[in-house]
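Student: Can we go through this one together? I'd like to know how each label gets earned.

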Amino acid sequence: MRQVPVLIVGGSLTGLSAALFLTAHGVPVTVVERRPAVLAHPRLRGLLPRTMELYRQAGLEPDILAVCPPGVSAGHLPSVHAPTLADEHEVLGDAGGDSTGAELSPCAFVPIGQHELEGLLVERLRERDCELCFGTEASGLAQDEDGVTVLLHRPDGTAETVRARWLVAADGAAGAVRRRLGIAVHGPGTLFRMATTHVEADLAPALRGRPVGMAYLDRPAPGTTLGPLDASGRRWFFATALPADAPVAEGDLLDRLRAATGLPELRARLLPQGPDLPPVMAFPVGARVAERFTEGRVLLAGDAAHLMPPTGSLGGHTGVEDAHNLAWKLAAVLHGGADPALLGTYDAERRPVAERNAREADLRARARWRLPGHEGDARLTDMDRLLYGGVYRSFAVPGASPPPGQDPLDPRTLGGVPGTRAPHVPVSQDGAAPVSTLDLYGTCPVVLVGPDGDTWATAADRAAKALGVPVEVYHLDTDLSAPHGLGLAGALLVRPDGYVAWRAADGPAPAEDADAVLASVLAAVLGRPPVGSP
């Protein structure tokens with residue numbers, strides 16, 4: 001029986017991202033995916049700025065921008081609503097408010113298809129300590145207090161038993177792992193059943209020179225969508241809502257395409273969506289969340305943990321954030337720096353975010369497609385609040401105050417509040433392009449101290465040595481300290497995922513032992529008992 005540290009079941013966006021983040025932390029990973037290759041289907045049609053921050057931290061940002069240059073923005077290919085593609089278009093803004101971009105993040109929205117992104121992830125993972133097993137199915141999952149045993153069925157017909165210390169289930173909404181564990185789901189439920197295909201067709205007569213990135217159409221039924229697959233103008237992604245029990249026939253789908261485009265005589269050809277895949281696929285569109293994200297040594301992520309409608313890229317973003325939150329914790333446990341109890345904070349931190357984002361994605365889908373229950377954008381949360389204003393509450397955030405409620409906060413007023421994402425502050429580099437304070441995070445805990453914060457800096461070094469874990473310390477000047485909520489002698493502890501765990505606005509109180517304080521805080525972040533305790 002072969003032993004592996006982490007087995008990831010599911011080699012799509014979330015699973016591949018989890019492998020990227022884990023290997024960046026020096027953790028060897030095995031990924032199994034039942035499909036023979038990356039699915040040639042766009043699905044996610046763009047990366048939100050916060051998602052790009054996570055890939056920037058893992059070193060993938062240059063590869064992504066090489067595929068989608070910075071000059072190509074979402075505004076060049078707008079989302080629109082219309083009865084048919086040939087009718088007058090209503091240009092749609094970002095539902096819930098446009099993201100401000102540079103003010104809050106060093107990254108911008110990038111319009112990249114999920115198939116392109118997954119191809120980049122695979123290329124990078126082949127250069128790292130990652131075993132990618134496409135065409136491989138996992139079955140027979142069994143776990144005990146020490147690990148998880150899984151039977152892998154290879155494409156050549158052979159089988160292998162693998163023993164993993166931890167298993168990440170990223171096998172999608174229809175995956176077997178969550179069902180095998182008996183974890184129920186709840187939420188708004190299914191909106192409709194969607195059929196998708198790729199088509200080759202000349203839609204210029206309907207577009208009449210108008211650019212379109214995604215068209216949300218009323219015909220032949222609300223839930224119909226058209227979007228370009230490339231810059232040729234002849235290859236398109238087409239999706240439409242079907243009755244629950246309707247068969248998926250190619251001829252019927254072409255008739256639906258003609259109704260959607262407003263071109264009754266349109267000639268079109270269906271294209272395959274990937275190797276060994278039919279030209280037409282069907283799946284439910286809806287919103288639901290698993291009742292728990294962990295079961296023993298199995299951890300759910302992405303669509304396996306939460307299904308969301310595709311509008312707004314929230315589903316893909318939430319899955320990538322899951323993987324990012326989980327990776328540093330798994331790495332800390334596997335490297336011996338953290339107690340396995342730390343992994344319990346994954347559910348405590350990520351499930352409330354998934355609940356919130358699933359509700360928001362459901363509202364956005366109803367607004368985009370004009371489905372029953374939609375009331376325009378009035379009920380939607382500002383996108384900046386969704387991306388940057390969330391608050392984590394768990395023992396891995398020892399400096400957090402009592403929960404402020406479920407609504408995300410205004411990110412412009414946070415400035416280093418424990419439990420929130422550390423702020424982005426541009427930093428000049430002697431004539432070079434500015435970087436961001438966010439670039440300090442990713443590999444280990446970081447302590448930021450003000451200009452007069454030597455006491456906290458020394459305490460951080462001693463705490464790191466006492467606990468045997470790496471900690472980086474940076475002195476900030478006054479201009480950088482203030483946006484983090486720090487006085488001249490203050491200090492801030494930021495976790496590897498860029499979330500603030502603890503803050504002292506100024507120096508230690510006269511009777512306060514700075515060494516003991518930071519040792520206690522750092523131990524709490526890692527789920528370990530205080531230094532010196534039995």
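**Labels and the numbers behind them**

Tutor: Sure. Start with L181, which is buried, its relative accessible area being 17%. Keep in mind that this is a predicted model.

Student: Why is L181 called buried?

Tutor: Buried means under 20% relative accessible area. L181 has 17%, so the label fits. L181 belongs to helix α5 (residues 176-181). Setting aside neighbours within four places in sequence, L181 is in contact with L141, Q143, R292, E295 and V298. Between L181 and L141 there are 9.1 Å in space, C-alpha to C-alpha, and they are 40 residues apart in sequence.

Student: And what makes T458 partly exposed?

Tutor: The class runs between the 20% and 50% cut-offs. T458 comes in at a relative accessible area of 35%, so it is partly exposed. T458 sits in helix α11. From T458 to H317 it's 38 Å in space, C-alpha to C-alpha, with the two 141 residues apart in sequence.

Student: How do you know that the length of α4 agrees with what a helix should span?

Tutor: Take 1.5 Å a residue: the 13 residues of α4 (residues 114-126) should span 18 Å. The end C-alpha atoms of α4 are 18 Å apart, so the two agree.

Student: Which residues of α4 are buried, and what covers them?

Tutor: The buried ones are Q114, L117, E118, L120, L121, V122, R124 and L125. Their cover includes α1 (13-24), α2 (49-57), α3 (61-67) and β5 (130-134).

Student: How do α1 and α4 pack?

Tutor: Their axes are 10 Å apart, at an angle of about 35°. The crossing is left-handed. On the α1 side, L13, L16, S17, A19, L20 and T23 take part; they meet Q114, L117, E118, L121, V122, R124 and L125 of α4. By class, that contact has eight nonpolar, three polar and two charged residues.

Student: What makes α11 oblique to α13?

Tutor: The axes of α11 (residues 454-467) and α13 (residues 514-525) cross at roughly 50° and come within 8 Å. Roughly parallel would need an angle under 35 degrees, and roughly perpendicular runs from 65 to 115. The crossing angle fits neither class, so α11 is oblique to α13. The crossing is right-handed.

Student: Which residues meet there?

Tutor: From α11, T455, W456, A459, A460, R462, A463, A464 and L467; from α13, A514, D515, V517, L518, A519, L522 and A523. This contact divides into 12 nonpolar, one polar and two charged residues.

Student: What about the backbone? Why would a positive phi get flagged?

Tutor: Because most residues other than glycine have a negative phi. R208 has a positive phi of about 50° and is not a glycine. R208 is in the loop between α6 (204-207) and β10. R370, also not a glycine, has a positive phi near 55°. You'll find R370 in the loop between α9 (344-369) and α10 (383-388).

Student: Is R370 buried, exposed or partly exposed, and how do you know?

Tutor: Its relative accessible area is 28%, so R370 is partly exposed.

Student: Which peptide bond is cis?

Tutor: The one joining R219 and P220, with omega about 5°. P220 lies in the loop between β10 (214-217) and β11 (224-228). Most peptide bonds are trans, so a cis one is worth a flag.

Key
Residues numbered from 1 in each chain as written. Predicted model: local features only at pLDDT ≥ 70, side-chain atom pairs only at ≥ 80, totals over all residues. Heavy atoms only, no water. Helix = DSSP H or I, 4+ residues; strand = E, 2+ residues; numbered from the N terminus. Expected span 1.5 Å × (residues − 1). Buried < 20%, exposed > 50% of the residue type's maximum accessible area, 1.4 Å probe, protein only. Contact = heavy atoms within 4.5 Å. Axes fitted to C-alpha atoms, helices over the stretch in contact; angles between N-to-C directions. Parallel < 35°, antiparallel > 145°, perpendicular 65-115°, else oblique. Left-handed = near helix turned anticlockwise from the far one by under 90°. Nonpolar A, V, L, I, M, F, W, Y, C, P; charged D, E, K, R; others polar.
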